[in-house]
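Reader: I have a structure open and would like to go through it step by step. Could we begin with a single residue and widen the view from there?
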Amino acid sequence: MAMRHPKSIVLSGALSALFVMTILSTGLGRIVPNLISRKHTNSAATVLYLFFGLRLLYIAWRSSDSKASQKKEIEEVEEKLEAGQGKAAFRRFFSRFLTPIFLEAFILTFLAEWGDRSQIATIALATHKNAIGVAIGATIGHTICTSVAVIGGSMLASKISQRTVATIGGLLFLGFSLSSYFYPPL
């Protein structure tokens with residue numbers, strides 16, 4: 001979207017969606033321990049971190065660094081954007097309050113991130129860590145990642161491979177799993 005529309009509008013729509021998602025995830029993380037014991041939520045978080053870490057390492061191992069895979073991913077995103085072009089009545093209604101570009105960025109980001117690793121990790125962290133710290137950290141992380149993606153996405157993609165990103169992410173999640181296992185909440 002940032003290639004076709006003003007970057008500031010796309011960035012503000014995406015960041016707004018991620019902020020709302022982070023607040024919802026942190027709130028859910030605070031509610032879950034009241035429904036399920038801390039020991040079980042910590043165990044679930046440890047298993048999820050381990051699963052995400054191994055999955056990302058598997059993706060890194062299987063990924064190809066070719067330009068063809070990057071082109072295919074860009075084409076898939078463009079197809080999704082074009083598929084959403086027929087919602088004119090919905091857009092007209094909200095265009096008085098927010099621009100269609102902002103709404104499109106917000107909705108696409110919100111739907112794409114729903115149930116994503118970052119949301120589940122935020123929920124898991126908020127179950128046994130300081131919820132305000134988790135919310136601030138997740139918001140800062142989302143802001144940095146989204147800003148880099150919007151501002152320099154194509155430039156960054158040509159310099160850092162998907163394999164590298166997946167490997168680093170996988171190792172981080174394995175580190176979270178080990179931390180959660182060896183240092184459970186009090």
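Author: Certainly. Val20 is a good place to begin; it belongs to helix α1, which covers residues 7-35. Please keep in mind that this is a predicted model.

Reader: Is Val20 buried or exposed?
Author: Val20 falls in between: its relative accessible area is 33%, so it counts as partly exposed. Buried would require under 20%, and exposed over 50%.

Reader: Which residues make a nonpolar surface patch with Val20?
Author: Phe19, Ile23, Leu24 and Trp114 make the patch together with Val20, and its area is about 480 Å².

Reader: Trp114 made me look at helix α5. How many residues does α5 have?
Author: Helix α5 has 14 residues, running from 100 to 113. From first C-alpha to last, α5 reaches 20 Å, close to the 20 Å expected at 1.5 Å a residue.

Reader: And which residues in α5 are buried?
Author: The buried ones are Ile101, Phe102, Leu103, Glu104, Ala105, Thr109, Phe110 and Glu113. Two of the names in that list are glutamates, Glu104 and Glu113.

Reader: What happens just after α5?
Author: Gly115 takes a positive phi there, of about 80 degrees.

Reader: Changing topic: how many helices and strands does the protein chain have?
Author: There are 8 helices and 0 strands. Along the sequence, the pattern reads α-α-α-α-α-α-α-α.

Reader: What share of the residues counts as buried?
Author: Of the 186 residues in the protein chain, 31% count as buried. The chain exposes about 11,900 Å², and carbon and sulfur atoms supply 69% of that area.

Reader: Where does UniProt place the feature "transmembrane region"?
Author: The UniProt record, an unreviewed entry, places it at residues 45-61, 93-112, 132-152 and 164-183. In the model, residues 45-61 are 100% helix and 0% strand, with end C-alpha atoms 24 Å apart. Residues 132-152 are likewise 100% helix and 0% strand, and there the end C-alpha atoms are 30 Å apart.

Reader: I clicked on Ala149. Which helix is Ala149 in?
Author: Ala149 lies in helix α7, residues 131-159. Its relative accessibility is 46%, so Ala149 counts as partly exposed.

Reader: How far apart are Ala149 and Leu11 in space?
Author: Their C-alpha atoms are 9.1 Å apart, although the two residues are separated by 138 positions in sequence.

Reader: What part of the contacts in the chain do residues 24 or more positions apart account for?
Author: Such residues account for 88% of the contacts with a separation of 6 or more.

Conventions: Residues numbered from 1 in each chain as written. Predicted model: local features only at pLDDT ≥ 70, side-chain atom pairs only at ≥ 80, totals over all residues. Heavy atoms only, no water. Patch = residues over 30% accessible without salt bridge, like charges linked within 9 Å, V, L, I, M, F, W, Y side chains within 5 Å. Areas by Shrake-Rupley, 256 points an atom, 1.4 Å probe, with all protein chains shown as cover. Salt bridge = Lys/Arg side-chain N within 4 Å of Asp/Glu carboxyl O. Helix = DSSP H or I, 4+ residues; strand = E, 2+ residues; numbered from the N terminus. Buried < 20%, exposed > 50% of the residue type's maximum accessible area, 1.4 Å probe, protein only. Expected span 1.5 Å × (residues − 1). Contact = heavy atoms within 4.5 Å. UniProt positions renumbered as here; feature names shortened; annotations may be inferred.
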